[in-house]
Structure formats: structure tokens, C-alpha cells
Amino acid sequence: MDPMLDACRRGDVAALQRAASFGPLDLSRKDECGRTALHWAADGGHVDVAIALIKMGAHVDAVDDDGQTALHYAAAFGYFGGEGSIGEYLIGKGADRSLASQHGGMTADDVAADPERFHTMEQAARAQDTAADDDGSDVLGARHGPPLACIRAPLPRKGFSTSLVVSAPSTKG
């Protein structure tokens with residue numbers, strides 16, 4: 001993983017600030033799934049990292065490959081509501097609550113209300129998108145999004161758990 005993105009994932013604001021001391025950081029840099037440093041900060045609830053990133057010029061509504069913003073990540077992993085949460089910080093900095101993800105069309109408010117549904121929908125959509133031949137295309141030759149590695153398996157937080165069962169259609173007549 002890119003060192004800047006990894007520092008944000010770990011919540012290491014000191015490492016982020018050290019890197020910035022050598023010159024401007026590319027805050028639009030994305031990982032293989034389209035996640036920016038701000039997505040990773042929100043994923044871990046790292047408000048101090050988000051504050052530093054926004055001060056450095058990070059785009060609050062940058063989207064990953066599934067159309068999710070950092071606010072979606074904050075909501076999905078239990079950091080949405082309450083004073084001092086990363087979700088509230090992002091909203092205070094102008095995050096657009098009306099932006100919907102590509103899979104399921106859920107806004108951050110929808111995700112916060114039902115994170116288990118969100119995770120299940122994301123995993124099912126990703127599994128369907130990656131059912132591909134060896135050359136990366138499906139049986140119709142269409143190319144799909146990033147690999148299954150992009151699925152964020154949520155850690156159980158705030159009393160919710162997730163499970164997913166994906167079954168293939170029966171080949172029996």
C-alpha cells in the first residue's frame with residue numbers, strides 16, 4: 001500500500017505531517033479501489049488525520065470506484081453521528097450527504113441507518129461484478145470493476161454484524 005494512504009489508514013497523523021514537510025502531497029492519489037487518503041481516515045474514524053488532510057486541501061467529496069465518499073465510509077464503520085465524530089467533521093466541512101453509492105444508491109444517511117444492508121449489498125455487487133473469465137471480462141466480453149480485494153469487510157462495531165451468502169444459479173434444468 002502507498003505509504004501516505006497507509007499512514008491515513010493507521011491514523012498516523014505525525015507520519016502524514018512528516019511527509020507533507022517535504023513538499024505538497026498528492027491528495028488525489030487513489031489505491032486500487034479508488035480510495036483516497038480521506039477515505040482511509042474515515043474508514044478508521046481518524047478525525048485528526050481528516051482534519052490534517054482537509055487543511056492540506058483534500059477534496060471532501062472524492063468518490064471511490066463505487067461512488068462512495070469518505071462520509072459513506074464513516075457511516076459504514078460507525079463513525080457518523082455524535083459530536084466529535086469524523087462524520088460530523090466532514091459534514092461541517094461541506095460533505096454532500098445526498099451523494100449516493102453506485103451499488104444500491106445509498107446515501108451516507110442511508111448507510112448510517114442500516115450499515116449491515118449496505119455491507120451486504122456492496123459485497124454482493126462486487127461478487128457479481130468480478131465473476132469474470134481469465135481475461136477479466138464476463139461471458140459477454142464486458143469488463144468489470146476492481147477485484148474482490150476491494151471489498152471492505154467491516155469489523156463488528158456498534159452492535160452490528162455482517163454475513164453474506166452468495167449462491168450461483170442452479171445449472172439443473
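The term pLDDT denotes the predictor's confidence in each residue, from 0 to 100. This is a predicted model, in which local features need pLDDT of at least 70 and side-chain atom pairs count only at pLDDT 80 or more, while totals for chains, interfaces and linings use all residues. Residues are numbered from 1 along each chain as its sequence is written, and side-chain values use heavy atoms, with hydrogens and water left out.

**View 1. The helices of the chain.** The chain has eight helices and zero strands, where helices (H or I, at least four residues) and strands (E, at least two) are DSSP runs numbered from the N terminus. Among these elements, helix α4 (residues 47–56) has the highest mean pLDDT, 97, whereas helix α8 (residues 115–129) has the lowest, 69.

**View 2. The surroundings of Ser 85.** Ser 85 lies in the loop between α5 (70–76) and α6 (86–92), and because its relative accessibility is 11%, Ser 85 counts as buried, a term that means under 20% relative accessible area (1.4 Å probe, protein chains only). The side chain of Ser 85 reaches the backbone oxygen of Gly 81 at 3.4 Å. Leaving aside residues up to four places away in sequence, Ser 85 touches Val 47, Tyr 79 and Phe 80, a contact being heavy atoms within 4.5 Å.

**View 3. Two stretches of low confidence.** Over residues 137–148 pLDDT stays under 50, and the model has 24 contacts beyond four places in sequence for this stretch. Over residues 153–173 pLDDT also stays under 50, with 24 such contacts in the model. Where pLDDT is low, the predicted coordinates should not be read in detail.

Key: Buried < 20%, exposed > 50% of the residue type's maximum accessible area, 1.4 Å probe, protein only. Polar contact = N/O pair within 3.5 Å; in protein donor to acceptor, adjacent residues only side chain to side chain.
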